[in-house]
Amino acid sequence: MVLPQADGLSLNSIPSFVKEHHGSHKTYVPVSTLIEWTSSRYSSHVYVYDLATAVGFGKLTEKWALENKGIHVIPSQSRSGAGLSIAGRLSGGSSDDTSLKSILTTYTTPIGLSQMAHALSILPVPTTSGRLVLQVPNVSVVGEALTLSPSLGHISASLASLPESILVILSSTPQEALNIASLSYRISDYHVIHIFDHHSSTRENHHVVVPSENADDKVTFEDALKDEGYGFFDYAGDNDAETVVVLLNSPLAGAALKLATQFPGLGVVSVRVLKPWSADALLAILPKTVRHVHVLDEVLAETFGGSLYPEVFSSFWGAEERIQPDIHEHRVAPARLRQLLSHPSTLTELLAGFAPVQPKVSPTLDEALVKKLLFFSSPASHLSSLPLLITKTFTNSRTIETRHLIDFDAYSKPGGIAADRVTIAPHSDVHNPVALPILLPITDESLGYSDCLVILDQSLLKTHSVLEHVKAKKPVLILTSWTPEEILSNLPKQSLELLLSRSSRVYIVDPKAVASSLSGSNPSNALDLEVVVAYLGFSRLYFGSGASQTLLKTLAQNVFGDSVGGVALEELVSKSWDSLAEVPIPGEGDSLFTNASDSNELKGFEFNSITPPENAPAQSVQASVESWHIAAKHLLFPEAYAPIAQNPEKAEEYSQQAELRPEVPERTFLVTCTVNRRLTPLEYDRNVFHLEFDTSNTGLKYAIGEALGVHGWNDDEDVLDFCRWYGVDPNQIITLPLAEGGGKVMHSRTVFQALQQQIDIFGKPPKSFYAALAEHSTSREDRMALLFIAAPEGAGTFKKLSETETVTFADVLQRFKSARPDIAKLCELVGDIKPRHYSIASAQDAVGDRVDLLVVTVDWVLPSGSPRYGQCTRYLAGLKVGQKVTVSIKPSVMKLPPSHEQPIIMAGLGTGAAPFRAFMQYRAWLSAQGTPVGPLLYYFGSRHRSEEYLYGEEIEAYITDGVITHAGLAFSRDGKKKVYIQHKMREDAESLVKMLAKDRGVFYLCGPTWPVPDVFEALVGALVEYQGKTVEEAGEYLESLKEEERYVLEVY
């Protein structure tokens, strides 16, 4: 019997990376992705707790559930008593839940596990028709720095009350985690808690074998373990060991197992199955020569007892034919664990203290042939993809094995820092690799562990101690616009001293300059070219004296092809080769060395985020409050302060008026409002309104289906109220840097103008803001509360603040009154207002110098009863005729088919009708020119015809004139039975199939996300009925239409 599967989640619907490698073949993706896929596939329901998604586990399952009806996800909140509904479902169960598919899965963290303790204690006995699997990504926040740790300390609190029907099993390597996640769904005699290392192992990109499906699901857990080649315990070390160290299966255990083989008289035991505990299995794996046992128990604090020591102690009680050893407990708190993991010599010293005999050669975790690479970058930079491209170079090699892990520091720098670890080594069949953070630690006062250090953000050289991570006599590559002289002048003295003491060789390459010289008249390709230049610069350095232009070209061809952006690879290689330059490091007597400045203390990298910082402010340079004299300078010497032109060589008929919105990097246009008309009745609860803007003499051009970016302003009164409360003079001059100018270009405006037009003070703060604000708090209570909200454990609080209370930056400041940065620093922390994009509701060929929008006002009421408004829709709703508005253009997927005679099928809900009005205008314009056009079907849905038949008169006219061939109008609240657009589509199933399958028609859906599955199902049903396809074939056909751009979704 094969494992049960969720309805509709077959091999044809799983992600392509799994499909390609399924069935005991290798794949190269994070194992956490494969665990989510396995859990989704074999579960009737998946409970995704917020603590899990806060550490990056569960988001893919939620995404797949939106795309596939066979996956049932129940978002859940972590709190005391969590999980009672799961226990209730298993105890009672519906007819659906008691089917053979009824395996419930829960995603939570060790902290969430402790909150579920009561619910787990009342679980019914597991059966083949009702059991629970908990996938527990182990990573925890520790300390006031919010550092992420692999400590298992939280587990002890969860174990005491667990019934005997629950199996607790731990995994620590990528392959082991995937195998145990898979076998969890085969076990019939236990509920399963699978705790896996999410601090590093399951997040790294590593070659793993995807388990085969052909396995019986009715097996005991011992049989399942044997099938996979695992036991209750792993042992490594001397077969006649006198001393043994016992610890839970974890990254620490993995490193200890490897070191144990290098100590005579010492052995290490890693505990894989913690519950049910098997004393017999432990005694069987231990040498009978053991006289001393040391238990390393991971705990939250040294005052707390662990879960492992009592089990080990009791295992020897009354054991026959064995001398009773002395048993010692060593409690390992998170701070001590971090020391052991980030300083490999510390772990070696610990084991040496236990070993009865010291080895002649110093034990090490290093392997001579493993090359360790370290990259530091800005997460938002296009160059941050370089580590992945490098691993891609070797991914398909049968002789070389690569590993890649990315961590983030979200708090020490605006925008965050990404640290990518990459190892390159000869292929090995060993599946228990040492965790990457242990092989290549990133720690303060590092001794240097990387064979090559690459810095992709030059500003880090001035703020962070990144250079200390390179080994002595190993190269450093810096991607920079600085010259060698500027590099040296920007390095603090301590950095120069370090490079000199380690005999480091520093090289630089300027990808932007090389790309600009090659992109010519096509600057849109410049970013792609920069990435290739960076790749080639690294490759030349990595291969050293063995590098040649021929070798670099061959490597790059396998990744990028024969050309990039129209530039031949050979030319790229030649230019990149010539651009790599060495920076001469001055000696101690050199004037550059003696004159170097002593910088403020350089910051270290702290791993405190698994995902890139959300909505991090783009500015990384400091704003400042200035006097009116500074503003005068900006007016008197505009050429010194003006924004940098994007392409100064290219003259434009209508030049950009950058001084109007200098902080906006996009090409903007100043248009004039000519119409602001409400379309829904005044008494109706939705304000849907139509806007028209005059674009004469602006140069604004747009294509059918594109979106208009509106750079809206904050409300005047709200800004003045905030200024009064914050105690800042709204007329004070503030000088702000431009992101496009790299901090060298500034512009000045009043505080009122900055808060009204630029700074998103009434926007939604990301987690990183709470952590950054904590640094400015004078109250310990406020500081700890802000840090808690920013931590993964505070995910529930953050979600409540963000989604339920919809707090703004200003609200957060009012809640934590002791956190009061000066106004310049506040502007830096908050960042700029982002443009809001609206589908254009007009066709320029038909309306001329005009652009139309269809907008609905966004407003809601807070739990407190206070009203809240969407920033940009409020701004647009209040526009007066004649008022100027700054806009930009954004491309869209909503493009017309290449042939005017191809059928168009449009489905719009509410303001999703906007792009389709443009489609209709354009088809009507073509018909008026005598151009033959194909059929046009229009499906529209809203609540009431009398209130929300948007552009109804125009639609009826188009129907009368034959522009619209057929209209399916669904007004859900007008009849006794609710009717939606999918119902109207089912009525027209035969004609829809003909247009799509025979006439190469194009289907478009625009509006909210919720109807996507229903619309998809309606089309699948039509193809099944009138094309004779199976449901699976029909789904695959629609997916293929996406690739052809004939099934187009723009949903929000």
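In this predicted model, strand E17 (residues 371–377) pairs with strand E19 in the antiparallel sense. The pairing runs over 7 bridges. At Ser 377, the bridge partner in E19 is Ala 418. Strand E18 (residues 400–409) is also antiparallel to E19, and 10 bridges join the two. Here Phe 408 stands opposite Ala 418. Ala 418 is thus flanked by Ser 377 and by Phe 408. Strand E19 itself spans residues 417–426 and is mostly covered, with 9 of its 10 residues buried.

A further sheet is open and has 7 strands. Their order is E3-E2-E4-E5-E9-E8-E14, and the pairing is mixed. Strand E3 (73–76) and strand E14 (273–275) each have a single partner strand, so one side of each is left without a neighbour in the sheet. From one strand to the next, the twist averages 20 degrees. At the E3 edge, strand E2 (residues 45–49) pairs with E3 in the parallel sense over 4 bridges. Tyr 49 stands opposite Ser 76 in this pair. Helix H4 (residues 59–67) packs on the sheet and touches E2, E3 and strand E4 (103–107). The direction of H4 makes about 135 degrees with that of E3.

The largest nonpolar core holds 75 residues. Those with the most contacts inside this core are Phe 376, Leu 461, Leu 467, Leu 755, Ile 761 and Tyr 770. Domain 1 (24–228) and domain 3 (371–595) each supply at least three residues to the core. Ile 761 illustrates the packing. Beyond its neighbours within four places in sequence, Ile 761 contacts Asn 714, Phe 722, Leu 755, Thr 808, Phe 809, Ala 810, Leu 813, Leu 826 and Val 830. A second core of 60 residues is separate. Its members include Leu 132, Val 133, Phe 232 and Val 273.

Helix H32 (residues 795–804) has four named positions to consider: Ala 795, Phe 798, Leu 801 and Ser 802 are its buried residues. Seen down the helix axis, these buried residues fall within an arc of 135 degrees, so they line one face of H32. Their cover includes helix H3 (50–54), helix H30 (767–774), helix H31 (780–790) and helix H33 (809–815). Just after H32, Thr 806 takes a positive phi of about 40 degrees.

Terms used: Residues numbered from 1 in each chain as written. Predicted model: local features only at pLDDT ≥ 70, side-chain atom pairs only at ≥ 80, totals over all residues. Heavy atoms only, no water. Buried < 20%, exposed > 50% of the residue type's maximum accessible area, 1.4 Å probe, protein only. Pairing = 2+ DSSP bridges. Axes fitted to C-alpha atoms, helices over the stretch in contact; angles between N-to-C directions. Contact = heavy atoms within 4.5 Å. Core = buried A, V, L, I, M, F, W, Y, C linked by side-chain atoms within 4.5 Å. Domains from an automatic or database assignment. Arc of directions from axis to C-beta.
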